Amino acid sequence: MPADHSIYLDNAATSFPKPECVYLAVDRYQRQNGRPFGRGANDSAQEVQQIVDRCRFRASELLGATEKEQILFTSNGTDGLNLVLHGLLKPGDHVVSSVAEHNSVLRPLRHLERTRGVSVTLVEVDECGFVESSAVAAAIRPTTRLIALQHASNVTGAIQPVELVGKIARDRGLLFLVDAAQTVGHLNVDVQKMSADFLACSGHKGLLGPLGTGLVYIAPGKELLLEPHRQGGTGSRSESDTQPDVMPDRFESGNHNVPGLVGLEAALGFLQEKTIDALRTHELGLSKSLYRALQDIPGLTVYSSEDRARHTGVISVAAEQFSSDELAAILGQHFKIDTRAGLHCAPGIHRRLGTLDRQGTVRLSLGWASTMDDVDAVCEALSQVLA
């Protein structure tokens, strides 16, 4: 990153910078190829086919899927969550979720409550944003069909007990959807260990790909439980005017975002080379240092916990004398430190933290390219502002 560039601590929104291989791959495709996916037989089109197929295979390996066809490409994580929620839920279904969820889950569920007669129970969380698996189990009703749970909070970084919840869902004969927007690429994610029927994530956060990319995992056989909300050309079975049932064509109508997928494929290769374990170790070390240093700043409230192994590299803070917008603006304008202020599209967790009426928090989120210098700089800046 150029020396005069802002310090970037907003990786929970989107990762930056991307690995150099991502920029090079997208630029090469745009300048030298430019063909669509699945729409041609010439050499350039075949190259695109191979790259996109390799991207799907790399993603399946990363998530622990048994077949690459279980991976769908979407425009973002929100698109994937909507694909599952709108495609699955029917009148009379009950869903168990949590108050800490992102609006990408909360808003579709509220919409389906109003329009389709779906009922929803949101279980509470503790002061750090953790869900208790026993609370999820206690919320299950005879009409419950789905448990939908984030893998980690985008406000406090709390990592949820998805394996325990997945076991509850499996033992009760329920379906389980995991929102992994904040964890894929940051933590080892295994859909088999989670007993996940569905998992959705963005491609531009921990996966380090371009914006406009996302992934959905669908367990074998569960694809027929979902009604596609989009129909159209797939480049396959074009003699039929009905949507193919085969995966992934059942859900992938229209032209793909090939520039994005080319970049995502390069990013997945980068993650495979660096390893998630190594990147997690790096981020965890910085997270521990950041949490300790933030605790020593008078007048600052830190919304997270000391047990950093139970958190991603996300920490929220607030100061009594500044609104979150004011504090983030000062950090950005006077110290060139990019953070994120507000409610982070997760009003329920802010209601639990008591920050809803205070315009939320300032979120500091680490990434693969974050350094100890970044940690020192933001803590020094906060110390000066609050002195």
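**Exercise 1.** Place alanine 369 in the fold and list its contacts.

Solution. Start with the contacts, where contact means heavy atoms within 4.5 Å. Leaving aside neighbours within four places in sequence, alanine 369 is in contact with Pro17 and Asp374. This is a predicted model, in which local features need pLDDT of at least 70 and side-chain atom pairs count only at pLDDT 80 or more, while totals for chains, interfaces and linings use all residues. Residues are numbered from 1 along each chain as its sequence is written, and side-chain values use heavy atoms, with hydrogens and water left out.

Next, the element: alanine 369 sits in the loop between β13 and α12 (372–386). Helices (H or I, at least four residues) and strands (E, at least two) are DSSP runs, numbered from the N terminus.

Then the accessibility: with a relative accessible area of 27%, alanine 369 is partly exposed. Buried means under 20% relative accessible area, exposed over 50%, and partly exposed in between (1.4 Å probe, protein chains only).

Last, the distance along the chain: alanine 369 and tyrosine 8 are 361 residues apart in sequence, and their C-alpha atoms are 9.0 Å apart in space.

**Exercise 2.** Describe the sheet that contains β13, and the helix lying across it.

Solution. Two strands pair if DSSP finds at least two bridges between them. The open sheet has 4 strands in the order β9-β10-β13-β12, with antiparallel pairing. Its edge strands are β9 (300–303) and β12 (340–342), each of which pairs on one side only. From one strand to the next the twist averages 30 degrees. Axes are lines fitted to C-alpha atoms, for helices over the stretch in contact, and angles run from 0 to 180 degrees between N-to-C directions.

Now take one pair: β12 and β13 (residues 361–365) are joined in the antiparallel sense over 3 bridges. Arginine 340 has arginine 363 as its bridge partner in β13.

Finally, helix α9 (residues 276–295) lies across β9, β10 (314–319) and β13, running at about 15 degrees to β10.

**Exercise 3.** Give the strand order of the 7-stranded sheet, then work through its edges, one crossover and its packed helices.

Solution. The order is β2-β8-β7-β6-β5-β3-β4, in an open sheet with mixed pairing. β2 and β4 are at the edges with a single partner strand each, so one side of each has no neighbour in the sheet. The twist averages 20 degrees from one strand to the next.

At the β2 edge, β2 pairs with β8 (residues 214–218) in the antiparallel sense over 4 bridges. Leucine 72 has valine 216 as its bridge partner in β8. Two helices can then be added. Helix α2 (residues 43–63) packs on the sheet against β2, β7 (198–202) and β8, its direction making about 115 degrees with that of β2. Helix α3 (residues 77–88) touches β2, β5 (144–150), β6 (175–179), β7 and β8, and its direction makes about 155 degrees with that of β7.

At the β4 edge, 5 bridges join β3 (residues 94–98) to β4 (residues 119–123) in parallel. Valine 95 is partnered by valine 120 of β4. The chain passes from β3 through helix α4 (residues 103–116) to β4 in a right-handed β-α-β crossover; right-handed means that, with the strands pointing away from the viewer, the path from the first strand over the helix to the second runs clockwise.

**Exercise 4.** Is threonine 74 buried or exposed, and what does its side chain reach?

Solution. Threonine 74 belongs to strand β2 (residues 71–74). Its relative accessible area is 10%, so threonine 74 is buried. The side chain reaches the backbone oxygen of asparagine 76 at 2.9 Å. Beyond four places in sequence, the contacts of threonine 74 include Asp79, Leu83, Thr213 and Val216.

**Exercise 5.** Which residues touch the most other members of the largest nonpolar core?

Solution. A nonpolar core is a set of buried Ala, Val, Leu, Ile, Met, Phe, Trp, Tyr and Cys residues joined through side-chain atoms within 4.5 Å. The largest has 62 residues, of which Ile147 and Leu199 touch the most other members. Helix α8 (residues 258–274) gives the most to this core, with 9 residues. Apart from this core lies another, of 26 residues, including Leu294 and Val385.

Note on methods: A polar contact is a pair of N or O atoms within 3.5 Å; within protein, one must be able to donate a hydrogen and the other to accept it, and residues adjacent in sequence count only if both atoms are side-chain atoms.
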